Structures are given as C-alpha cells and as structure tokens.
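Q: I would like a close look at one small part of this model. Please start there and then follow the links outward.

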Amino acid sequence: MLLSLSAALTLLLFLVALALTAFKAPTYQWIEDQWVASHLADHPEGQALSRAEALKSLPPDDQETLASLRELELWHVLLAPIAFVIVLMGGIGRLYGSARSNGVKLGTAQFPEVYHLWQSMAAEVGLVKTPELFLLNGNGALNAFVSCVPGFRPFGVIYSDILERTLALRDERSLRFILGHELGHIRLGHVHWFHRLFTVAAHLPPLNYLLGLPLSRACEYSSDQVGAQLSGDRDGQALMMLAAGKHLYTEVNPAAHHSAQISERSLWDVAHNAGSSHPNLNWRIAALRCRCHGPLMWASAWAENAEPPSPPAEPAPRP
C-alpha cells in the first residue's frame with residue numbers, strides 16, 4: 001500500500017510539473033500576482049509602488065524562486081526522470097566500483113563455504129543468477145547491504161567483522177539470516193532503479209516522515225522475514241549482534257531482554273523510530289518472534305503475542 005501510494009504521488013507530482021510548464025505563462029503570472037498581493041498586504045506602505053518596484057521589494061528567496069520558475073521549461077521536466085536514473089546509476093556504479101576495487105569477491109576459490117551458502121540461498125528465493133558478493137573491511141562496523149546498478153545484476157557486500165565472527169563461532173544460523181535478509185531486498189525488488197524512481201515524492205520533506213521512512217521500515221521488516229525463513233532464526237540472534245556487538249551477542253539472555261525491552265513499551269521508542277529508515281531493533285526482534293509484520297509508526301500490544309524466546313544457549317568461549 002505504501003509503495004502504491006508513493007508511486008501515485010510521484011506520478012501526480014510529475015504530471016503537475018508537466019501541466020505547470022505546459023501552461024507556464026498563466027501559471028507564472030498567477031503565482032507572481034499572489035506573492036506580490038500577499039507581500040503588499042503585509043507591507044501597506046508599498047501600495048503606491050509600481051509593479052516592477054513591488055517585485056523588487058519581495059524577499060530575496062521569493063525573487064530567486066520566481067527567477068527559477070521563469071527559467072523552467074517543459075523539456076526540463078520531461079528529462080528529469082532520465083537525469084534521475086543517470087545520477088542514480090553513477091552513484092550506485094561508484095558503490096559497485098568501490099566494492100570491486102577495495103573488497104574481496106567471494107567465489108568457489110574464495111571463502112567457498114560462504115559463497116556456496118549465498119548461492120544456494122539465492123536459488124532458494126528464486127533468483128535466476130547468483131548476485132556477486134564482496135567482502136569489505138568495515139573497520140569495526142557491523143553491516144551488510146545490497147544494491148543494483150541499473151542495467152546490471154545486483155550485488156551484495158558483507159563487512160569483515162560480521163563474517164569473521166560468525167565463522168569463528170560457527171554461527172551459520174546468524175550468517176544465513178544476514179545473507180538471507182539482503183537476498184530478500186533483491187528478491188522483493190527494493191534495490192531496483194524503478195523502486196527508487198517511483199518513490200521520489202515519498203522521500204521529500206515532510207512527506208518522508210509519513211511515507212518515505214515508513215516505506216523503508218516496511219522493506220526491512222519484509223526482508224527480515226525472508227532472512228528468518230531461510231535461516232530458522234526466529235529469536236533474532238543475528239539482529240542481537242547489532243545491539244550487543246559481535247563479541248557479546250551470543251551471551252545475551254533473550255528471555256530477560258524480551259521482558260525488559262520488548263514487552264515494556266515506551267514513547268521514546270516511538271520517537272526514535274519515527275525518524276529512522278530502519279525499525280527499532282527490539283521491534284524487529286519481536287516481529288520475528290511473533291512471525292508478523294512489525295509496527296511502522298508506534299508499538300501496540302502486538303509484541304505481547306511474540307512467542308517466548310528460546311532458552312539461552314551455553315555462552316560461547318571468548319577468544
């Protein structure tokens with residue numbers, strides 16, 4: 001629903017811009033008349049000014065906006081989507097180039113166990129071609145992401161600290177969840193150029209708080225469900241790595257965490273969630289446990305329906 005609404009608003013914005021430029025003269029004249037009249041109403045001493053003088057008396061920002069509107073042509077609007085895709089292609093192309101230039105490409109001869117895992121999971125979600133996967137030094141950051149250069153196959157990146165720790169602990173379930181989450185973004189179309197093109201309007205302030213950011217959070221919940229389905233991780237252990245860090249995430253007591261931070265709701269959780277592109281970690285973990293789509297705006301009693309977490313495993317030996 002959010003995606004359809006975002007696409008409809010983007011299309012509406014494009015059509016309005018087309019209409020305004022197609023009827024540029026009357027539209028510009030009407031805007032100019034309204035702004036001058038409003039300015040003179042606030043400054044009665046300027047009633048005796050000529051039209052040209054009244055325009056010069058407008059605030060500098062209004063004068064710059066009017067000048068920009070005078071220069072706007074129909075072909076500018078028609079070429080805007082193409083320009084957006086070109087800029088997007090350049091940005092993602094640089095991201096892909098950075099992964100190839102500064103990272104290690106996984107394959108049958110490079111971390112084969114991880115690559116085969118990625119390959120089998122890609123086939124499991126229905127991808128015809130296996131996306132490229134790169135290992136990148138995150139300098140302590142815990143992250144993984146996927147993207148797609150328009151006209152080219154998608155690719156994934158996993159940061160070294162995640163891979164190093166999951167391999168050291170033989171924590172295949174967490175690794176599968178992380179890789180599966182990223183494959184979910186690809187399979188569900190979250191990284192394709194048309195997804196970004198048709199959601200432009202949703203990311204314009206202040207609409208981004210009502211559409212853009214909730215849409216992004218919805219994508220994260222959906223990909224979490226894909227990762228959980230592929231890994232069997234319904235306790236959120238992989239997500240716990242982001243909360244407790246790579247050395248302590250396996251030692252967290254999931255039952256105590258659930259009782260203290262998921263069952264108890266707070267307005268501060270809602271405030272943090274409202275301005276974030278990703279849902280609160282605790283909400284994501286609760287959504288995995290109750291096998292449902294988590295809240296986009298505020299928490300409710302849904303978290304109480306989450307399944308009780310599994311008993312804590314024996315702590316892994318520290319290195």
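Is Cys-148 buried or exposed, and what is the relative accessible area of Cys-148?

A: Cys-148 is buried, with a relative accessible area of 7%. Buried means under 20%, exposed means over 50%, and partly exposed lies in between, using a 1.4 Å probe and protein chains only. The model is predicted: local features need pLDDT of at least 70, side-chain atom pairs need pLDDT 80 or more, and totals for chains, interfaces and linings use all residues. Residues are numbered from 1 along each chain as its sequence is written, and side-chain values use heavy atoms, without hydrogens or water.

Now the sulfurs. The structure holds one disulfide (a pair of cysteine sulfur atoms within 2.5 Å). A disulfide is a covalent bond between the sulfur atoms of two cysteines. Here Cys-290 and Cys-292 form it, with their sulfur atoms 2.2 Å apart. Cys-290 is buried at 16% relative accessibility. Cys-292 is partly exposed, at 24%. Cys-148 is in no disulfide, and the nearest cysteine sulfur, that of Cys-219, is 15 Å away. From the other end, Cys-148 holds the closest cysteine sulfur to Cys-219, but 15 Å is too far for a bond. Cys-219 is buried too, with a relative accessible area of 10%.

Next, look at Ser-147. Ser-147 is found in strand β3, residues 144-148. Strands (E, at least two residues) and helices (H or I, at least four) are DSSP runs, numbered from the N terminus. Ser-147 counts as buried, at 3% relative accessibility. Leaving out residues up to four places away in sequence, Ser-147 touches Ile-92, Leu-95, Pro-154, Phe-155, Val-191 and Arg-196. Contact here means heavy atoms within 4.5 Å.

Strand β3 also has a ring to follow. The structure holds four aromatic pairs. Rings of Phe, Tyr and Trp (its six-membered ring) pair if their centres lie within 6.5 Å; planes under 30 degrees apart are stacked, over 60 edge-to-face, and the rest tilted. Phe-145 and Tyr-159 have ring centres 6.4 Å apart and planes at 85°, so this pair is edge-to-face. Phe-145 lies in β3 and Tyr-159 in strand β4 (residues 154-159), so the pair ties together parts 14 residues apart in sequence. Both Phe-145 and Tyr-159 are buried. Trp-193 and Phe-194 make another edge-to-face pair, because their planes stand at 80° with centres 5.9 Å apart. Trp-193 is partly exposed at 35%, and Phe-194 is partly exposed at 38%. Phe-155, a contact of Ser-147, joins Tyr-96 and Phe-134 in one aromatic cluster.

One helix packs onto these strands. The buried residues of α6 pack against β3 and β4, and also against β2 (132-136), α7 (160-168), α8 (172-187) and α10. Helix α6 runs over residues 112-124. Its 13 residues reach 18 Å from first C-alpha to last, close to the 18 Å expected (1.5 Å times one less than the number of residues). Val-114, Tyr-115, Leu-117, Trp-118, Met-121 and Ala-122 are buried in α6. Seen down the axis, the buried residues of α6 fall within an arc of 160° (taken from directions from the axis to the C-beta atoms), so they line one face. On the other side of α6, Ala-123 and Glu-124 are exposed. Just after α6, Gly-126 takes a positive phi of about 95°.
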